[in-house]
Amino acid sequence: MTQRVLIAADKFKGSLTAVQVAERVTAGLRRVVPGLEVEAMPVADGGDGTVDAAVAAGFERREVRVAGPLGDEVTAAFALRGDTAVVEMAEASGLQRLPAGVFEPLTSSTYGSGELLRAALDAGARTIVFGVGGSATTDGGAGMLTALGARFLDGDGEPVAPGGGGLAGLATADLSGLDPRLASVDLVLASDVDNPLTGPKGAPAVYGPQKGASPEDVATLDAALAHYAQVLEKSVGSKAAEHAASPGAGAAGGIGYGALLIGAGFRPGIEVMLDVLGFAPALERASLVITGEGSLDEQTLHGKAPAGVAAAARAAGKEVVAVCGRLALAPEALGRAGIRRAYPLTEVEPDVAKCIADAGPILERTAERIARDFLA
């Protein structure tokens, strides 16, 4: 049987995109096994890099001007193939859209993410995969809903200030003006986190500190989002409270909650993306699968891309190995996840700073080791 390798790895954050990871691994493998058949399928779990993964799989990249998290205009992209769109909230409202060293946890808004969804609707999308993660925001999706036609007003009948902090002054919520096209679109909330909106495991408490929120900010945001859900309950009924407690509501600063309110169905991001990218037929063709991401750690096991790839490959009886920048999982944990062996860059170059700076060439050398161990 001809050996055929499927490379289905996520990005090495801060060093290599998922596309570059596949290119480097391919180069290393072929140095040991010239002419090896390799199929590259860069993957993502709904966070930043999701649109790039879709484009690498043959989707068309579409760019639009939308509001960034602080209201300034940015160029953001979504991906389209036929009537299926892949929209990544981080493209409009992600941490990478903030100026270096600037965090605005109370005022960052998801308005631009709503504009991206509207652009996908304008492009004729009937199915929208909405990948959420890497957000700069904790506004419960209020900005996104505003861009889609909702109105959030204070006691004077004026729009509340942008961001999660502004929701403390919310008096009335009116969703009657939402874009009517939302009712007839299949909206999939794709995320690797299943947190509720508020509380000890909610969006502000768990993810607020990553966005620059102090303990006082976390308390302010948690109270504001709880108040937001209560006000919404008056306008849309008990489902507002049900959605707030649902898995995925707390994803990306609560934008998951906003998506659930407009009818989205929640699914683990990597599962959705493997479906959209056509992973199953590619898996069938492969004799070895190589997955990976920058850090293989406890978080990987909770819905990150390599765990999803390994689970699907194990179900199909395929052998899986992983590449990573750093490895913080014991062999037993890897085995339970369906990964036969992991190859961290630090085994080739112990200096972590060098691994980050020269990730590409070191990854090629790592891939040569995989070829010698599994293919030669």
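**A working chat on strands, a covered helix and the overall fold**

Q: Let's start in the sheet: which strand pairs with E6 in the parallel sense over five bridges?
A: In this predicted model, E6 pairs with strand E9, residues 186-191, in the parallel sense, and five bridges connect the two.

Q: Which residue in E9 is the bridge partner of Val129?
A: The bridge partner of Val129 is Val188, which lies in E9.

Q: And which strand do five bridges join to E6, other than E9?
A: That is strand E5, covering residues 84-88, which runs parallel to E6 and is joined to E6 by five bridges; within this pairing, Thr84 stands opposite Thr127 of E6.

Q: How many of the five residues of E6 are buried?
A: Four of the five are buried, so that E6, which spans residues 127-131, counts as mostly covered, where buried stands for a relative accessible area under 20%.

Q: Switching to helices, how many residues of H9 are buried?
A: Eleven of the eleven residues of H9, which runs from 251 to 261, are buried, and the list includes Gly253, Gly254, Gly256 and Gly258 as well as Ile255, Tyr257, Leu260 and Leu261.

Q: What's the phi of Ala252?
A: Phi of Ala252 is near 50°, a positive value in a residue that is not glycine, and Ala252 has its place in helix H9.

Q: Why does Ala252 count as buried?
A: Ala252 counts as buried because its relative accessible area is 10%, and the cut-off for buried is under 20%.

Q: Why would a positive phi be worth a remark there?
A: Because most residues other than glycine have a negative phi.

Q: What about phi just after H9?
A: Just after H9 comes Gly263, with a positive phi of about 95°.

Q: Zooming out, how many helices and strands does the chain have?
A: The protein chain has 15 helices and 13 strands, and its C-alpha atoms fill a box of roughly 70 × 45 × 35 Å along the principal axes.

Q: What radius of gyration does the chain have?
A: The protein chain has a radius of gyration of 21 Å, which agrees with the value near 21 Å for a compact globule with 376 residues; buried residues make up 55% of the chain.

Q: What share of contacts joins residues at least 24 apart?
A: Among contacts between residues at least 6 apart in sequence, 72% join residues at least 24 apart.

Q: Last topic, the surface and charges: how far apart are the mean positions of the positive and negative charges?
A: The mean positions of the 32 positive and 46 negative charges are 7 Å apart, while the chain exposes about 14,800 Å², with carbon and sulfur atoms supplying 51% of that area.

Note on methods. Residues numbered from 1 in each chain as written. Predicted model: local features only at pLDDT ≥ 70, side-chain atom pairs only at ≥ 80, totals over all residues. Heavy atoms only, no water. Rg over C-alpha atoms; globule rule 2.2 N^0.38 Å. Buried < 20%, exposed > 50% of the residue type's maximum accessible area, 1.4 Å probe, protein only. Contact = heavy atoms within 4.5 Å. Areas by Shrake-Rupley, 256 points an atom, 1.4 Å probe, with all protein chains shown as cover. Lys, Arg positive; Asp, Glu negative; His and termini not counted. Charge placed at Lys NZ, Arg CZ, Asp CG, Glu CD. Pairing = 2+ DSSP bridges.
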